[in-house]
Amino acid sequence: MLDRIREGSQSFVVKAVLVLIALTFALAGIGGYISNAPEPSVATVNGEDITRVEFDRALENERARQQQQLGDFYDTLATDPSFNQRLRNQVVNDLVNQKLVEQYARDNGLRASDEQVREAIRAIPAFNVAGQFDNDTYRITLNSLGYTPEGFAEALRKDLARSQVLEAVVNTEFALAAEAVAIQKLVNQQRSGAYRTFALDSYLAQVDVSDDEIQQWYDNNSNLFAVPESVQVEFVALDAGAIAESVTIDEQMVREWYEGNRSAYESAAQYRFSHILIEGDDAAARNKAQEVVDKLSEGADFAALAGEYSDDTFSAENGGDLDFIQPGTMDPDFEEAAFALAEVGDVSGVVETSFGFHVIKLTDKQEGSVTPFAEVRDEIIADMQDERVKQAYYEQQQKVAELAFEMPDTLQPVADEVGLQVRNSDWFNRQTAPSALNHPAVLQQVFGDTLLQERLNSDLIEVNDTQSVVVRVTDYRAASIKSLDEVREQVVSNLQQEKAQQLARADAEAVIAALRAGEAVSGLTELTAIDRRNADLPRAVVQSLFEQAAPAAGAVQADVVEMNNGGLALVQLTSVSAGDVDEATQQQMQEQLENSFAQQSYEAFLSALRDQGDVEISLTSSSNN
C-alpha cells in the first residue's frame, strides 16, 4: 500500500492536483486576511460560533426537506408562526448538537482524509450524470446551494468525522434474542379480572353545598379563574404575496436577459485523453518517448504501450486514461498539445512539459450544448418576478417604517399613503392573538411596556420572509382574577362533582373491602383474556388493569380509577397470562430493540456533551428568515 502511494505521488495527474490544492489553500488564506469581519452568530458552543449563514442554509435545507416530505400540507403549516418558530428552534439545536459532536471528534483525534472526502463527494447522487461523477453538475449544484467547492469539502469532512463518532456510539448497541422474547411476551400479555363503574349522576342528587364551602373552594382554586392581560390593537399588515399579484414581466426583457446570460445555459465541449509519461528532461527520456511514437505509427496499441512505458503508474493501469479534462487544470504545454487534437483517435507527437515527455491521445469528445430559451423561459420569469417582488416589498417596508415613525400616534395616514388597510382587533391575550399577530416578535412588542404605556406605533416587525406588521395598542386590560359572582355557577358545579366523586369512591372502596373479606359482590362485569389493544372497554379500565401488579396467591388486587366522564371505576385484576411469541416477527422485534437502545445511547451522549459544554444560544424569537 505504501509503495502504491509513493508511486502515485510521482504521477503527473497527482502533481497537477497538488499544485491546484496548494493554490486553493493559498487563496483561501489570503481571503481570510482580507475578509476578517466577524459574521453574526446564532449560538456559541464552547467558544466556537455557529454563524447566521450556517443557520440560514440549514433552515432552508430543513424547509426543503419537510416540503418534499409533507407536500401541500407543508404550505399550510408554513403560515403558522408557531410552527416556524419551532422549526427555527429545532434547526439551531440541531446545529448545536452537530458542533458538539464535531468538537468531540476533533478533540479525540478523529479525522476524515482527503481521499475519503473525494470518495464521499463522488458518491453523492446529485453530482452524478448517467451514473458517473460530473464536475460541471457538481459546481452548478454547489453554487445553487451557496457553497464553494472548498467550503463544501470542509463541511463534508466535518460530517464524516461526526459520523465516525455517532457510528461508534450507536453501532455498539445490541439486543439479545431473550430480550426480544421477553418484550413480545410483555406486549402480547393478557389479563383477566372484573370491573364496575360508578356514575356520578346517582350521587349528585345526594350532594349539598353551603356558601362557606363555595367561598373556600373559590379561595383555594382562584388560579383557575385568572384572566391574563389583554389588549386591543390596530395594525397594518404587509404581504409580499399581495405585491406578487400585481407584478408582470415583459417578454422582451425575459429574452434579453437570456441572451445576456447565455453562458449560464451553455455547457462546454468535453475532451477525454490518455497519455504516456516518460519522466526526465534529458535526451534519453526524449528518445524513449519518440520510441513510443514510432511504435504507435507502426500500429501498436496505445493502452498496451502505456502499461509498458508510462511512468504515471495510476493511469498506466487503465491504458493511460486521464478521464475528461477541463481547460486550465493541466500543464499549459500539455493542454496546448492535447486540445490541438481534432478527432477522436488522434495522437500527438512527443510533448515536453515540466513533468517530462508525453505522448497524448484524444479518446473521447462530447460536444457542448445550449439549453433552449423555451426550456428556461418560465424559470427566468419566476426568478425575475421574485426579484421584483422582493425589491417592491423591501421598498414598501422602508416607506411604512418611515411613515409610522414620522406619525407615531396613528396608522391611518400610513395606510392611505401606501395603499394598505388599517385593521382593528378584538380583545386578545398572548395565547389568543389573531393569526396575523401570532408571532413571538409581535407579542413581545405588543405586551411590552413601551407600546402599552405610550400607545405609539411599533417598529416594523417581520413575521416571516414575506409578511410584516406595524401595530399600535389602543386599549389594555391588566391581568386579574374573576370574581366569585362571575364564576359562582362553575364553582358550584366543580364542588358538587368533587363531593359526588368522594361518595362514589367511598362505595367503590367498600366493594373492594368486601372482596378482600371474601363476601359475595354483585354488579361486577367479568374481564377475560383482555389485551393492551382492547378498544371495547373504557380506556381507563384497560390502563388500570395493566398497571396493577399481579395478585399474590389468595389476595385480592383492585384499584379505583377516574373515567373520562368524571365517573369512577373499580377494576379488579385476577390473573396475568404471558403473551405468545411470534417467531415470524422475532428478528424484527430484536432489530427494533437495537434501534431503540441506539437512540437512547445517542440522546444520552448528546445530553452529556451539553451538560459538560458551554452552550449559549443567541437566536432570538424576533430573528427572521
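## Salt bridges, sheets and cores in a predicted model

The side chains of Asp386 and Lys390 come together in a salt bridge, with an N to O distance of 3.3 Å. Because the two residues are four places apart in helix α18, about one helical turn separates them. Asp386 counts as partly exposed, at 38% relative accessibility, and Lys390 is likewise partly exposed, with a relative accessible area of 49%. The model described here is a predicted one, and a search of the whole structure finds 27 salt bridges in it.

Another of these pairs joins Glu234 to Arg472, whose closest N and O atoms are 3.0 Å apart. Glu234 belongs to strand β7 and Arg472 to strand β16 (residues 467–477), so this salt bridge ties together parts of the chain that are 238 residues apart in sequence. Both Glu234 and Arg472 are buried. A salt bridge also links the side chains of Glu259 and Arg262; Glu259 is partly exposed at 38% relative accessibility, and Arg262 is partly exposed at 30%. The three pairs are set out below.

| Salt bridge | N to O distance |
|---|---|
| Asp386 and Lys390 | 3.3 Å |
| Glu234 and Arg472 | 3.0 Å |
| Glu259 and Arg262 | 3.0 Å |

Beyond such pairs, salt bridges also connect Glu48, Lys99, Glu102, Arg106, Lys158, Asp159 and Arg162 into a network. Glu48 has a place in the strand pairing as well, since this residue of β2 stands opposite Val45. Strands β1 (residues 41–45) and β2 (residues 48–51) pair in the antiparallel sense over four bridges, and Ala43 has Ile50 in β2 as its bridge partner. The two strands form a hairpin with two residues between them, and in the turn Asn46 has a positive phi of about 50°.

This hairpin is part of an open sheet of three strands, which are antiparallel and follow the order β2-β1-β21. The edges are formed by β2 and β21 (615–617), each of which pairs on one side only, and neighbouring strands are turned by 20° against each other on average, direction ignored. Helix α3 (residues 52–70) lies across β1 and β2 and runs at about 45° to β2.

A further open sheet has four strands in the order β10-β9-β12-β11, again with antiparallel pairing. Its edge strands, β10 (321–325) and β11 (351–353), each have a single partner strand, so one side of each is left without a neighbour in the sheet. The twist from one strand to the next averages 40°. Between β11 and β12 (residues 356–366) the antiparallel pairing extends over three bridges, and Val351 has His358 in β12 as its bridge partner. Helix α14 (residues 283–297) lies across β9 (270–278), β11 and β12, and its direction is at about 35° to that of β12.

In soluble globular proteins, nonpolar side chains tend to be buried together. The largest nonpolar core of this model has 24 residues, and Val236, Val254 and Ile380 have the most contacts inside it. Two or more residues of this core come from each of β7 (230–239), α12 (240–244), α13 (251–260), α18 (373–406) and α19 (412–418), with α18 giving the largest share, 10 residues. When neighbours within four places in sequence are left aside, the contacts of Val236 include Val400, Leu411, Ala415, Val422 and Val470. A second, separate core of 23 residues has Val42, Tyr74, Leu95 and Val169 among its members.

How values were computed. Residues numbered from 1 in each chain as written. Predicted model: local features only at pLDDT ≥ 70, side-chain atom pairs only at ≥ 80, totals over all residues. Heavy atoms only, no water. Pairing = 2+ DSSP bridges. Core = buried A, V, L, I, M, F, W, Y, C linked by side-chain atoms within 4.5 Å. Buried < 20%, exposed > 50% of the residue type's maximum accessible area, 1.4 Å probe, protein only. Contact = heavy atoms within 4.5 Å. Axes fitted to C-alpha atoms, helices over the stretch in contact; angles between N-to-C directions. Salt bridge = Lys/Arg side-chain N within 4 Å of Asp/Glu carboxyl O.
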